Amino acid sequence: MTSYFDALETRSPDARAEALAGLLPAQIRNAQSRAPALAELLAEIDPRDVIDRAALASLPVIRKSALGKAQSEAPPLGGYAAQAPVAFDHLFQSPGPIYEPGRMGGDWWRLGRFVHAAGIGSGDIVQNCFSYHMTPAGMMFESAARAVGATVFPAGTGQTELQARAAADLGVTAYAGTPDYLKVILDKADALGLTLSITRAAVSGGALFPSLRQDYADRGIGCLQCYATADLGNIAYESAAMEGMIVDEGVVVEIVRPGTGDPVQDGEVGEVVVTTLNPDYPLIRFATGDLSAVMPGTSPCGRTNLRIRGWMGRADQTAKIKGMFVRPEQVADLVARHPEVQRARVTVSRADEQDVMEIALETDADNAAPFEASAAEVLKLRGKVQLVPVGSLPNDGKVIDDQRDYS
């Protein structure tokens, strides 16, 4: 029998629509009265008219680039928050840089719903391997574990041998982190002759490839993933049915034609645009840059909200590599730092169930060492630098080539 986080998950379509007809106008009014940047953007909107997803389509789309620009002009949150910075428990920095607020109370990012669906709850010890440094992922999953009554080992990233030993010593039963890193811990435990008790995993921050999920299943670990961002919190999540991702109850998801705000037909691949119902940070029609599509019907698990097919790539060339976004503007910055480099291309692939990043630089230089240090600084990740002759990279405008197979 399926256990649900709350009654919201199994509402009828009519009940959900009725609730949204009240929540959406309230959120628009909240944004207009308390978030200066949104008040300007939505000045001509009558909140009473915005009662459903179809009505949202008439509102402008907010892009991350606009958020970053606003934050540079009105630091630190750009006028998009409905609270003063000091009213929040935390302020975070994500690559860009983009700054985000956060609270520890009340499952603020709404990830408790996902962690519950992954079978984690009271009696579990969760090894939280999301970073607690600068970015909010660690705190997001800490909050989720608290929401379901689980105990947390705040492991963060790195120090794999210590991670494996702690998992064994503490009797850790569940893992939270990026999809790849659990395998690193498990392999290290095998090498050390340690017996681990992990049977459940809640992952995000990167693609969960079918072969890796099967590897975990072969080890007796049920692994589910969610789609969440630092700005919006939980957007959608898997249940044990593993048929697409169920949209979270605290957001409204639209799929639009990339580069526009125009909704596409159900089933058509487009860009994910999200309106959050969080009154503290009321982002309205926030474009994620991610691709997905609406799935027909509802989940066999009994949860009745809209389903999407999960993450299907980027509407732009931005790629998430080892849990970190690498953006075209970062590649441009790398080239700008080195006048002797004509063009650059980042290629992403997979090897041994891990992401591999290579950086090809068109240059007459013959020593890659200075470029490797610069690339690590600019891209925030280490990758192999390959120096190639000037004119050898394809003239197709592509600066990030994601060759990973998501099928």
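The accessible surface of the chain in this predicted model amounts to about 17600 Å², and carbon and sulfur atoms account for 52% of that area. Of the 407 residues, 50% count as buried. Along the principal axes, the C-alpha atoms occupy a box of roughly 65 × 55 × 45 Å. The radius of gyration is 22 Å, which agrees with the value near 22 Å for a compact globule of 407 residues. The secondary structure comprises 11 helices and 20 strands. When contacts between residues at least 6 apart in sequence are considered, 63% of them join residues at least 24 apart. The chain carries 37 positive and 51 negative charges, and the mean positions of the two sets are separated by 2 Å.

A search of the whole structure for aromatic pairs returned 5. In one of them, tryptophan 108 and tryptophan 109 meet edge-to-face, with 5.3 Å from centre to centre and 85° between the planes. Tryptophan 108 and tryptophan 109 are both buried. These two residues also belong to an aromatic cluster, together with Phe88 and Phe92.

The pair of phenylalanine 130 and phenylalanine 141 is stacked, because the planes of the rings lie at 20°, below the limit of 30 degrees for that class; the ring centres are 4.3 Å apart. Phenylalanine 130 is located in the loop between β3 (125–128) and α6 (137–147), whereas phenylalanine 141 is part of helix α6, so the pair links distant parts of the chain, at a separation of 11 residues. Phenylalanine 130 has a relative accessibility of 6% and therefore counts as buried. Phenylalanine 141 is likewise buried, its relative accessible area being 6%.

Valine 273 is placed in strand β11, which spans residues 270–276. This valine has a relative accessibility of 0% and so counts as buried. Leaving aside residues up to four places away in sequence, valine 273 touches Val252, Val253, Glu254 and Val256, as well as Arg285, Phe286 and Ala287. The C-alpha atom of valine 273 is 8.1 Å from that of glycine 289, a residue 16 positions away along the chain.

Backbone geometry was examined for cis peptide bonds and for positive phi values. The bond from proline 75 to proline 76 is cis, with omega near 0°. Proline 76 falls in the loop between α4 (64–73) and β1 (90–94). Another cis peptide bond joins glycine 96 and proline 97, where omega is about -10°. Proline 97 is found in the loop between β1 and β2 (98–102).

Aspartate 107, although not a glycine, has a positive phi of about 50°. This residue is situated in the loop between β2 and α5 (112–117). Its relative accessibility of 13% lies under the 20% limit, and aspartate 107 therefore counts as buried. A positive phi, near 50°, also occurs at methionine 242, in the loop between β8 (233–237) and β9 (245–247). Methionine 242 has a relative accessible area of 42% and is therefore classed as partly exposed. Of these two loop residues, aspartate 107 is thus buried, whereas methionine 242 is partly exposed.

Notes
Residues numbered from 1 in each chain as written. Predicted model: local features only at pLDDT ≥ 70, side-chain atom pairs only at ≥ 80, totals over all residues. Heavy atoms only, no water. Phe/Tyr/Trp six-rings, centres within 6.5 Å; stacked < 30°, edge-to-face > 60°. Buried < 20%, exposed > 50% of the residue type's maximum accessible area, 1.4 Å probe, protein only. Helix = DSSP H or I, 4+ residues; strand = E, 2+ residues; numbered from the N terminus. Rg over C-alpha atoms; globule rule 2.2 N^0.38 Å. Contact = heavy atoms within 4.5 Å. Areas by Shrake-Rupley, 256 points an atom, 1.4 Å probe, with all protein chains shown as cover. Lys, Arg positive; Asp, Glu negative; His and termini not counted. Charge placed at Lys NZ, Arg CZ, Asp CG, Glu CD.
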